[in-house]
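The following exercises concern a predicted model. Each task is followed by a solution in steps.

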Amino acid sequence: MPGPKKSDSLSIAAAALAITAVALHILVNYMSPYGIHRDEFLYLAMGDHLQLWRMDFPPFLGVISNISRAWFGQSLAALRLLPAFAGGFLILFAVDAARRLGGKAFAQILTAVSMLASVLYLRAANLLQPVVFDELWWTIGMWCLIRWRQSGDKRWWIALGIVCGIGLFTKFSIVFFGFGVFVGLVATRDRTLLTTRWPWIAFALTVLIGLPSLVGQIVLGFPVMAQLDSLRSHQLVRISSLNFVSGQAFMLGLGVFVAVIGIVALIASKRFSNFRILGWTFIGSFAILILLQGKAYYLGPVYPVLIGAGAVIIENMVTGHASGVFRKAVIALIVLGGLATLPLGLPILPPPTMERYDHLLGTTSAVKSNEGVVLRLPQDYADMLGWEERVAELARIYKNLSPEERADAIIIAGNYGEAGAVDYYGPRHGLPHALCVSGSYWFFGPGDKPGKIAITIGCDEASLKRNWRSVTKISRLKDEWTVPEEQDLVFYLCGSQIRSVQTIWPSFAGRN
């Protein structure tokens, strides 16, 4: 049975909403009371240390961060410009998917509004992180499947392979999408395609384009396994199946109802009988993430097209004179829900106001850290605070050293956020780049200086005393708004070195 014909044209209003989303992100990042996120510092550092075939994470964000800085500069708004555009294209592809599934103007507008009202899609497009790009690649992948089922042209599997390859170059979670597509093929009449060359061409293209991500793992001894072990033991262990499912509703807001309608329709409705693979792709992705105790937002990339399908069904629910009132009511509810949760999606309220607003909404889950600690702010917001002040304190200590001491001095940070902040803000203070044995920073190496003098931030005194005879507490910074490990920072000055940092560096291999 042929699928529904695509509508004649893309809704101008829906396209305008995608442009509005981009403009909104740009405006927020010019005016936000928050700064750069700790993860953004890491991706900037990955760009500074870019080795395409030797990275412990897929290198896409390192490449993008370099492009962003070269084209737009180093300001907060400039660094987040490409994610903002990715968020706009995400909406456009979701809207076009709705159009190709038979949606007219209302379905397209409802799709765009549902995504604009989502905490997940707003926050993802507001950060220089792989999340929004991962969402975009999944959505384009599902869009390619729609094009294939509409046209019957199997060459769309080549496009799918290219998109998934870029996805593998971006984030390993594209594997969940690939598993979902495989389940979709096996569970539907499309399984006969597995006996042809097309899915295997797509798989080969995925591996070929994503090869730098895979080679990096092989060369470095599969650090992703240590990262997954750390993630499971510190974060995923706290995520139950109920948490995962309830997290979907929080992420999507009232748009979750549109998505659920889309899921049911893609699996059971005759209207979408030609597109069953999309519904089963969701089921496969959902099942594997439940089994692996994934975070709720890991499933986020699958929803834009499902929202589009649900919007098509809602568009056709009521006809005649009542349809106008019904449609306006649906849009109004989604918009009101989105406005209520807007401060959770975009960092627009200063910390004290944000804390009060969160208490008003009663969204305690929104302010839990990755390790289950209830914070005063959502963790993403807490991770955007205080970095400049910490680097300024390091600079004050550094400038109080004699010229001879400064020539030998190194800076050691306790985690990649602190190290990345030093590398970003430090040059304006004349600071050397930071050393850090945690995560990706360990792979960047110990540098050339042996570390006769060391200034540290976020490090444990006892561990420092194993390598320096003199460990002196110089100052302390407290910040009640940030995450626990940054709320009470002690700065040490270390001298009379016992062993060089080059000597001790290999012993920290695999530390996260």
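**Exercise 1.** Determine whether R69 is buried or exposed, and identify its surroundings.

*Solution.*
Step 1. The relative accessible area of R69 is 18%. Buried means under 20%, and R69 is therefore buried.
Step 2. R69 belongs to helix α3. Leaving aside residues up to four places away in sequence, R69 touches L44, G47, D48, Q74 and L79.
Step 3. Two of these neighbours are now examined for polar atoms. The side chain of R69 places a polar atom 3.0 Å from the backbone oxygen of L44. With the side chain of D48, the side chain of R69 forms a polar contact of 3.2 Å.

**Exercise 2.** Classify the mutual orientation of helices α3 and α8, and describe their contact.

*Solution.*
Step 1. The axes of α3 (residues 60-72) and α8 (residues 130-151) come within 11 Å and cross at roughly 110°.
Step 2. Angles of 65 to 115 degrees count as roughly perpendicular; α3 and α8 are therefore roughly perpendicular to each other.
Step 3. From α3, the residues F60, L61 and I64 meet P130, F133 and W137 of α8. By class, this contact has six nonpolar residues, with no polar and no charged ones.

**Exercise 3.** Establish how strand β3 is paired and how its faces are covered.

*Solution.*
Step 1. β3 (residues 453-457) pairs with β1 (residues 409-413) in the parallel sense over five bridges, I455 being the bridge partner of I411.
Step 2. With β5 (residues 488-497), β3 pairs in the antiparallel sense over four bridges; here I455 stands opposite L493.
Step 3. Five of the five residues of β3 are buried: I453, I455 and I457 on one side, A454 and T456 on the other.

Notes:
Residues are numbered from 1 along each chain as its sequence is written. This is a predicted model: local features need pLDDT of at least 70, side-chain atom pairs count only at pLDDT 80 or more; totals for chains, interfaces and linings use all residues. Side-chain values use heavy atoms; hydrogens and water are left out. Axes are lines fitted to C-alpha atoms, for helices over the stretch in contact, and angles run from 0 to 180 degrees between N-to-C directions. Helices (H or I, at least four residues) and strands (E, at least two) are DSSP runs, numbered from the N terminus. Angles under 35 degrees count as roughly parallel, over 145 as roughly antiparallel, 65 to 115 as roughly perpendicular and the rest as oblique. Contact means heavy atoms within 4.5 Å. Ala, Val, Leu, Ile, Met, Phe, Trp, Tyr, Cys and Pro count as nonpolar, Asp, Glu, Lys and Arg as charged, and the others, Gly among them, as polar. Buried means under 20% relative accessible area, exposed over 50%, partly exposed in between (1.4 Å probe, protein chains only). A polar contact is a pair of N or O atoms within 3.5 Å; within protein, one must be able to donate a hydrogen and the other to accept it, and residues adjacent in sequence count only if both atoms are side-chain atoms. Two strands pair if DSSP finds at least two bridges between them.
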